[in-house]
Amino acid sequence: MRLDKYLSSATDLSRTDVKYLIRNKHVLIDGEICKSISFHVSDDQTVELDGEVIEQPGPRYFMLHKPKGYVCATKDSEHPTVIDLLDEPNKEKLQVAGRLDIDTTGLVLITDDGQWNHAITSPKRDCKKQYHVTLISNIDEQTVADFEEGIQLRGEERKTLPATMEMLYKNEVLLTISEGKYHQVKRMFAAAGNKVSDLHRKSIGAIDLDPDLNEGEYRRLTATEAQSISEKP
């Protein structure tokens with residue numbers, strides 16, 4: 001990789017800043033000053049910038065406790081985004097893996113690994129998501145049975161895949177689904193004649209929202225958590 005691209009991709013520095021630093025002897029390759037912007041860095045070489053070793057970042061995986069009022073997008077002209085909550089370099093390379101509505105809270109996964117993202121969002125992977133759902137009206141046994149059979153959503157050709165419900169209170173459930181259709185949970189309950197008043201995602205696959213994370217906080221996933229998504233079902 002060209003030296004200027006190497007440094008700009010591994011830091012928050014612009015190409016202009018990087019070129020200035022290279023030309024003014026701030027950069028070392030294997031301990032020797034390098035003033036060539038087009039120098040090609042090999043995998044076994046050490047790059048230093050003002051005495052600090054600069055390495056290319058590997059894939060990044062984060063969990064974030066999403067508050068209400070934030071959208072799951074990299075940029076938005078009207079609302080703050082979940083990416084705005086991150087204090088990380090090269091944030092523009094990150095993407096949200098499985099979105100939540102602006103008024104929904106809970107677990108959001110963020111990565112720069114496109115294949116890992118696909119493993120979460122692809123219907124073929126059957127990646128289960130669990131939600132704590134609070135409803136306007138009480139839930140009857142027929143709704144539970146209908147969800148287990150699949151719900152016909154307006155505008156959809158096929159019913160949803162079977163979903164399971166664990167009753168917490170008469171109007172609160174833990175709902176587990178394996179799809180990610182637009183506004184799916186709200187539309188499912190609307191089709192059953194009910195309305196969601198509060199929605200919170202607790203888990204995606206084997207990854208549970210860390211109870212130590214307050215709304216708006218995030219952390220890197222552990223290797224075990226990240227690998228759990230990569231494993232084929």
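How many bridges join strand β1 (residues 27-29) to strand β3 (residues 47-49), and do these strands run parallel or antiparallel? In this predicted model, three bridges connect the two strands, which run antiparallel. One contact point of this pairing can be named: leucine 28 has glutamate 48 in β3 as its bridge partner. Both strands belong to an open sheet of four strands, ordered β2-β1-β3-β4 with antiparallel pairing. The edges of that sheet are formed by β2 (32-33) and β4 (52-53); each has a single partner strand, so one side of each lacks a neighbour in the sheet.

A further antiparallel arrangement is found later in the chain. Strand β9 (residues 164-169) is joined to β10 by five bridges, and a hairpin connects β9 to β10 through two residues. Within this pairing, tyrosine 169 has glutamate 172 of β10 as its bridge partner.

Strand β10 also leads into the nonpolar interior. The largest nonpolar core has 28 residues, of which Ile110, Val133, Phe147, Leu175, Val185 and Phe189 touch the most other members. Two or more residues of this core come from each of β5 (61-66), β7 (105-111), β8 (129-135), β10 (172-177), α5 (184-191) and β11 (196-204). A second, separate core comprises 16 residues, including Tyr61, Met63, Ile120 and Ile204. Returning to the largest core, valine 133 illustrates its contacts: leaving aside residues up to four places away in sequence, valine 133 touches Asn171, Glu172, Val173, Leu175, Val185, Phe189, Val196, Asp198 and Leu199. Glutamate 172, the bridge partner of tyrosine 169, is thus among the residues that valine 133 touches.

Aromatic rings provide another view of the interior. The structure holds three aromatic pairs. In one of them, the ring centres of tyrosine 61 and tryptophan 116 lie 4.8 Å apart with the planes at 55°, so the pair is tilted. Because tyrosine 61 lies in strand β5 and tryptophan 116 in helix α3 (residues 114-121), the pair ties together parts that are 55 residues apart in sequence. Tyrosine 61 is buried, with a relative accessible area of 16%, and tryptophan 116 is likewise buried, at 2%.

Another of the pairs is formed by phenylalanine 147 and phenylalanine 189, whose ring centres are 4.7 Å apart and whose planes stand at 45°, so this pair is also tilted. Phenylalanine 147 is in helix α4 (residues 141-149) and phenylalanine 189 in helix α5, so that the pair links distant parts of the chain, 42 residues apart. Phenylalanine 147 has a relative accessible area of 0% and is buried; phenylalanine 189, at 1%, also counts as buried.

Helix α4 holds threonine 143 as well. At 9% relative accessibility, threonine 143 counts as buried. Apart from its neighbours within four places in sequence, threonine 143 is in contact with Met165, Phe189 and Ala192.

What, then, does tyrosine 70 touch in the loop between β5 and β6 (95-97)? Not counting residues up to four places away in sequence, tyrosine 70 touches Pro80, Thr81, Val82, Leu85, Asp101 and Ile102. Its relative accessibility is 22%, and because buried means under 20%, tyrosine 70 counts as partly exposed. The C-alpha atoms of tyrosine 70 and tyrosine 20 are separated by 37 Å, with the two residues 50 apart along the chain.

Technical notes. Residues are numbered from 1 along each chain as its sequence is written. This is a predicted model: local features need pLDDT of at least 70, side-chain atom pairs count only at pLDDT 80 or more; totals for chains, interfaces and linings use all residues. Side-chain values use heavy atoms; hydrogens and water are left out. A nonpolar core is a set of buried Ala, Val, Leu, Ile, Met, Phe, Trp, Tyr and Cys residues joined through side-chain atoms within 4.5 Å. Buried means under 20% relative accessible area, exposed over 50%, partly exposed in between (1.4 Å probe, protein chains only). Contact means heavy atoms within 4.5 Å. Two strands pair if DSSP finds at least two bridges between them. Rings of Phe, Tyr and Trp (its six-membered ring) pair if their centres lie within 6.5 Å; planes under 30 degrees apart count as stacked, over 60 as edge-to-face and the rest as tilted.
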